[in-house]
Amino acid sequence: MVAVAGADAGRAEALAEELIGQGVRALVSLGLAGGLSPDLRPGDPIWPAEVLAADGARLALYAGAHALAGTLIEASAVVATPGDKARLHAQTGALAVDMETAAVARAARVADLPVATIRAIADPADRALPPTATVAVLEDGTIAYRRLLGKLAGRPQDIAPLIRLGGDTKAAMGTLKRQAEEVIPALLETFGEG
């Protein structure tokens, strides 16, 4: 079973709860992340062994042999600047940041189910996200191109950074596709169909 949350923690948690209600035996969260570690480049996959929630809770993630020696951290808003990314990395030691993993992990913890997350870096630590990057993202994670073009009319300086972000996101999505094809069957075998 598959559900698409986009970059929305509340929606991710509600969809995870729905899947749990339908009888899944484990949850796997796939998606994009912002790099905090300067060692991560666009498209790099991460399989963190834990997520640091906004409330300070550390939630365990199943990562098996894929685990990285690091943490993913939850953010309630996009972490957009290299300075903000560097501060968050220095304060927490986290490899990357996302908005959904902790929500899915909370739902899994309540149901006493294992949860794994596979993330791919879409924006590295040394790169700022242009202000227009998030204004046109819809609830399901797709882009509202008319809205984006309207915003770009007032910020043409964002065009080149958005093109670069598009290429980086394409690399990250390719990584997620490959990871899913390689790993999901093994996870299904580990946890059973569901």
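## Salt bridges and a helix contact

Glu74 is buried, and Arg106 is buried too; buried here means under 20% relative accessible area, exposed means over 50%, and partly exposed is anything in between (1.4 Å probe, protein chains only). This is a predicted model, in which local features need pLDDT of at least 70 and side-chain atom pairs count only at pLDDT 80 or more, while totals for chains, interfaces and linings use all residues. Residues are numbered from 1 along each chain as its sequence is written, and side-chain values use heavy atoms, with hydrogens and water left out.

Back to that buried pair. Glu74 and Arg106 form a salt bridge, with their closest N and O atoms 3.1 Å apart. Glu74 sits in strand β5 (residues 68–74) and Arg106 in helix α3, so the salt bridge ties together parts that are 32 residues apart in sequence. Helices (H or I, at least four residues) and strands (E, at least two) are DSSP runs, numbered from the N terminus. A salt bridge is a side-chain nitrogen of Lys or Arg within 4 Å of a carboxyl oxygen of Asp or Glu. Searching the whole structure turns up 11 salt bridges, and three of them are tabulated here.

| Salt bridge | Closest N to O |
|---|---|
| Glu74 and Arg106 | 3.1 Å |
| Arg58 and Glu50 | 2.7 Å |
| Arg127 and Asp168 | 2.0 Å |

Arg127 and Asp168 are both buried. Their salt bridge, at 2.0 Å, links distant parts of the chain: Arg127 is in the loop between β7 (115–123) and α4 (145–154), and Asp168 is in helix α5 (residues 159–191), 41 residues apart. There is a network as well, with Glu13, Glu74 and Arg106 joined by salt bridges that share partners.

Glu13 and Arg106 turn up again where two helices meet. The axes of α1 (residues 9–21) and α3 (residues 101–111) come within 7 Å and cross at roughly 35 degrees. (Axes are lines fitted to C-alpha atoms, for helices over the stretch in contact, and angles run from 0 to 180 degrees between N-to-C directions.) On the α1 side the contact is made by Ala9, Ala12, Glu13, Ala16, Glu17 and Ile20, and on the α3 side by Ala103, Val104, Arg106, Ala107, Ala108 and Ala111. Contact means heavy atoms within 4.5 Å. By class, that makes 9 nonpolar, no polar and 3 charged residues, where Ala, Val, Leu, Ile, Met, Phe, Trp, Tyr, Cys and Pro count as nonpolar, Asp, Glu, Lys and Arg as charged, and the others, Gly among them, as polar.

Ala12 has another partner in the loop between β6 (96–98) and α3, which is where Glu100 sits. Leaving aside neighbours within four places in sequence, Glu100 is in contact with Gly6, Ala7, Asp8, Ala12, Leu32 and Arg119. Glu100 has a relative accessible area of 11%, so it counts as buried.

Now for the hairpin. Strands β3 (residues 48–52) and β4 (residues 58–60) run antiparallel and are joined by 3 bridges; strands pair if DSSP finds at least two bridges between them. Leu52 has Arg58 of β4 as its bridge partner. Between the two strands lie 5 residues, and Gly56 in the turn has a positive phi of about 95 degrees. Arg58 also makes the salt bridge to Glu50. Arg58 is partly exposed at 48% relative accessibility, and Glu50 is partly exposed at 21%.

Which sign does phi take at Asp112? Phi there is positive, near 55 degrees, in a residue other than glycine. Most residues other than glycine have a negative phi. Asp112 lies in the loop between α3 and β7 and is exposed, with a relative accessible area of 69%.
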